[in-house]
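Biologist: Could you walk me through a few of the labels on this model? I'd like to hear the reasoning behind each one.

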Amino acid sequence: MENIEKAADLLDAGKNDEALSLLKKTEKTASEQELFSIMEIYYDWGFLEEGIALALQFTANYPGEGEFLVLLSDMYIELGKDEEALQSLNKVSSQDPFYMESLLISADLYQSQGLFEVSEQKLLEGKEIAPDEIVIDFALAELLFSIGGANRAIPFYEKVWKETTEMNGIEIADRLAESHASLGHFDEALQYFEQLDTNHPDTLFKHGLTAVQQNRFDIAIPMWEKVIELDPYYHTVYSELAQALEQEGRIQEAYDTIQQGLSQDEYNKEIYITAAEIALKLGKDSEAFSYLQDAISLDFEYQEAIMMLVGLYKEREQFEDVIKLLEDIIDLGANSPLYLWELAQAYEENEQFAEALKAYDKAYDGLAHDSEFLKAYGYFLTEEGLFKKAIPVFEAYMKLEPMDEEILMFVERLKSENE
């Protein structure tokens with residue numbers, strides 16, 4: 001043991017090569033107890049290949065001995081050799097004191113491989129052996145939670161919650177809150193969030209999101225303000241906080257918050273939408289236009305920003321601006337048929353009827369099942385005197401809206417006049 005203690009001192013001093021050499025030399029004359037101590041040192045200090053070699057000696061001398069098989073599997077896992085680890089764990093007898101630990105490790109490995117059903121089976125087997133063991137309840141809850149089975153995870157989390165508020169660094173109330181929130185049980189989720197005493201920005205952010213689902217902006221706002229205080233670079237919170245302040249009628253505060261968010265994350269296209277909406281409420285129209293243009297400059301296919309800007313231009317009858325915007329983004333490669341329809345309408349309003357017809361024709365391929373488009377397209381064709389082309393468009397519309405008697409009569413009249 002003297003050499004082993006000396007090797008440990010060498011390791012503490014950072015003399016790893018000397019320590020390893022001494023341990024390898026000591027192995028030759030060491031007793032079993034000493035070999036086990038050496039193996040533990042190898043494991044603790046990351047000399048895994050050396051540790052595995054000793055562990056294999058023990059498993060050969062003591063076949064089926066759970067302690068050695070579990071330790072061997074731990075070292076295999078550290079090296080990323082999951083299959084070898086599972087082979088070792090599968091050799092542990094169900095009567096062995098380490099069998100429960102082998103089930104837990106196996107379940108974790110199967111889960112990491114995406115074999116969730118096998119993982120669950122291992123844990124349920126453990127549950128049968130030790131029905132009151134909350135470690136098993138926690139492992140089952142975590143597995144089910146990770147694969148979207150919150151409804152099944154909740155009873156297991158509740159069992160753990162009765163015994164402890166935290167396990168493996170996980171706040172059980174946080175998991176219960178998230179699980180209930182994912183199922184739409186926002187009132188229950190809030191009750192669990194309120195039991196947490198935390199300064200973790202993620203948890204505070206989720207608390208706020210859940211509160212908003214219950215229209216509890218009075219809860220959400222201070223939560224999100226605390227997030228910013230703790231972490232000013234938590235970019236996603238600014239838009240949420242600004243919208244909550246807006247809902248409470250605190251428009252100027254909302255605008256100040258979104259400005260602060262933009263200063264932290266000028267490349268977040270979504271935040272520009274919120275900024276534009278709040279700016280409009282404050283009568284800052286030019287700023288709103290600018291925010292939307294900035295969002296589109298970040299992503300020329302950002303449909304929400306494009307359609308919002310088109311809507312603002314249309315409200316102000318700025319049809320030339322609509323045309324320029326949509327022509328530019330279509331030239332860049334944006335190919336939504338909605339853009340072509342809006343472009344067609346803008347051309348029509350601008351009395352550029354030939355261009356409008358081309359845009360309507362191009363939009364038709366993507367909007368052939370949109371009744372509102374078909375109706376507008378049919379009327380445009382009629383106004384342009386293209387009656388024979390309009391009739392099948394209206395007939396397609398009638399298949400979608402068979403109860404529209406006004407269009408039915410209009411089409412019959414068109415047919416009779418053009419026979």
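**Reading the labels**

Modeller: Happy to, and keep in mind that this is a predicted model. Let's begin with Ser-371: setting aside neighbours within four places in sequence, Ser-371 is in contact with Tyr-397, Leu-400 and Glu-401. Ser-371 belongs to helix H23, residues 371–383.

Biologist: Why is Ser-371 called buried?

Modeller: Buried means under 20% relative accessible area. Ser-371 has 19%, so the label buried applies.

Biologist: What makes the link between the side chains of Ser-371 and Glu-401 a polar contact?

Modeller: The cut-off for such a pair of N or O atoms is within 3.5 Å. The side chains of Ser-371 and Glu-401 are joined at 3.2 Å, so the pair meets that distance limit.

Biologist: And Asp-96, in the loop between H6 and H7: how do you know that Asp-96 has no salt bridge?

Modeller: A salt bridge needs a Lys or Arg side-chain nitrogen within 4 Å of a carboxyl oxygen. The nearest side chain of opposite charge, Lys-91, is 13 Å away, so buried Asp-96 has none. The Asp-96 side chain does reach the backbone nitrogen of Gly-66, at 2.9 Å.

Biologist: Which are the buried residues of helix H6, and what makes them line one face?

Modeller: In H6, residues 82–89, they are Ala-85, Leu-86, Ser-88 and Leu-89. Viewed down the axis of H6, these buried residues fall within an arc of 160 degrees, so they line one face of the helix. They pack against helix H5 (66–78) and helix H7 (99–112).

Conventions:
Residues numbered from 1 in each chain as written. Predicted model: local features only at pLDDT ≥ 70, side-chain atom pairs only at ≥ 80, totals over all residues. Heavy atoms only, no water. Buried < 20%, exposed > 50% of the residue type's maximum accessible area, 1.4 Å probe, protein only. Helix = DSSP H or I, 4+ residues; strand = E, 2+ residues; numbered from the N terminus. Arc of directions from axis to C-beta. Contact = heavy atoms within 4.5 Å. Polar contact = N/O pair within 3.5 Å; in protein donor to acceptor, adjacent residues only side chain to side chain. Lys, Arg positive; Asp, Glu negative; His and termini not counted.
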